[in-house]
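Biologist: Before I use any of these labels, I would like to hear the reasoning behind them. Please show me the structure, and then I will ask.

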Amino acid sequence: GVRSVNLTPAATYVLRLSGGSLVSEQGTAVVAEGPLDVTTTDGAVVTGGGGFLLRALDQAAPQTVVNLNASNASVLTGDAMAEPSSVANINLMTGSTWTGAAFDVTNIALDAGTWMMTESSTVTQQVTNAGLIQYMPPAGDPAQLSSYKTLTTPDYVGGGGRLGLNTFLGDDGSPSDLLIINGGVQWAIPLCSSPIRTGRAH
């Protein structure tokens, strides 16, 4: 993996990956303290084998601000998180795919990209979806709400994108994946619902 420690005021470190792969077998693919721009393109593969794709860690100065821009069929795997005083923005463009969960990620934007959401996730500012956010199938008993996932954000902008939800076939109180918008803006949310009978999507 890569660990970036930037203590230089008014400077942003840059990491570019065009094709090829960056794999951390047992750790985090990218750990950042201080400003960092990460760009992946041309089918680049970035994997956090220890569970995390990206960790944005607090430091006194300069503030940690990480922009992860994936384009042209990049493949990202692992969770992403930002500590309380840090910023982590993820942009998925032109056929890029991210498989993982967001833990207090600041902004997530999809433009013809796909987010395969593996666990309940929180985005602290805005989700902009002009692609596909696909909730992974429920773990555990599909008849129990605890088996499903929730995406929570203050602002959701649809942008013509889709949400792929899993829903148990039953009565009106049957459990389902959820999108919770706890303030701010909501625009046009097309839903693709996968009915669940035995824990398998049909």
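Biologist: Why is Ala56 called buried?

Modeller: This is a predicted model, and in it Ala56 has a relative accessible area of 0%. Buried means under 20%, so Ala56 counts as buried.

Biologist: Where does Ala56 lie, and which residues is Ala56 in contact with?

Modeller: Ala56 lies in strand E6, residues 45–57. Leaving aside neighbours within four places in sequence, the contacts of Ala56 include Ala32, Thr64, Val66, Met81 and Val87. Contact means heavy atoms within 4.5 Å. As for Pro35, which is 21 residues from Ala56 along the chain, the two C-alpha atoms are separated by 9.4 Å.

Biologist: What makes Ser174 buried or exposed?

Modeller: The relative accessibility of Ser174 is 17%. The cut-off for buried is under 20%, so Ser174 counts as buried. Ser174 sits in the loop between strand E15 (162–168) and strand E16 (178–181). Beyond its neighbours within four places in sequence, Ser174 is in contact with Phe168 and Leu169.

Biologist: Why is the pair of Arg3 and Glu33 called a salt bridge?

Modeller: The closest N and O atoms of Arg3 and Glu33 are 2.7 Å apart. A salt bridge needs a side-chain nitrogen of Lys or Arg within 4 Å of a carboxyl oxygen of Asp or Glu, so the pair qualifies. The pair links distant parts of the chain, with Arg3 in strand E1 (residues 2–5) and Glu33 in strand E4 (residues 30–33), 30 residues apart. The structure holds one salt bridge. In general, side chains of opposite charge can pair when their charged atoms come close.

Biologist: How do you know which of these partners is exposed and which is buried?

Modeller: Arg3 has a relative accessible area of 52%. Exposed means over 50%, so Arg3 is exposed. Glu33 is at 17%, and the cut-off for buried is under 20%, so Glu33 counts as buried.

Biologist: How many helices and strands are there in the protein chain, and what makes the chain as compact as a globular protein of that length?

Modeller: The chain has zero helices and 18 strands. Its radius of gyration is 17 Å, close to the 17 Å that the globule rule gives for 202 residues, so the chain is as compact as a globular protein of that length. Along its principal axes the C-alpha trace spans about 60 × 35 × 30 Å. Buried residues make up 44% of the 202 residues.

How values were computed. Residues are numbered from 1 along each chain as its sequence is written. This is a predicted model: local features need pLDDT of at least 70, side-chain atom pairs count only at pLDDT 80 or more; totals for chains, interfaces and linings use all residues. Side-chain values use heavy atoms; hydrogens and water are left out. Helices (H or I, at least four residues) and strands (E, at least two) are DSSP runs, numbered from the N terminus. Buried means under 20% relative accessible area, exposed over 50%, partly exposed in between (1.4 Å probe, protein chains only). The radius of gyration is taken over C-alpha atoms; the globule rule is 2.2 Å times the number of residues to the power 0.38.
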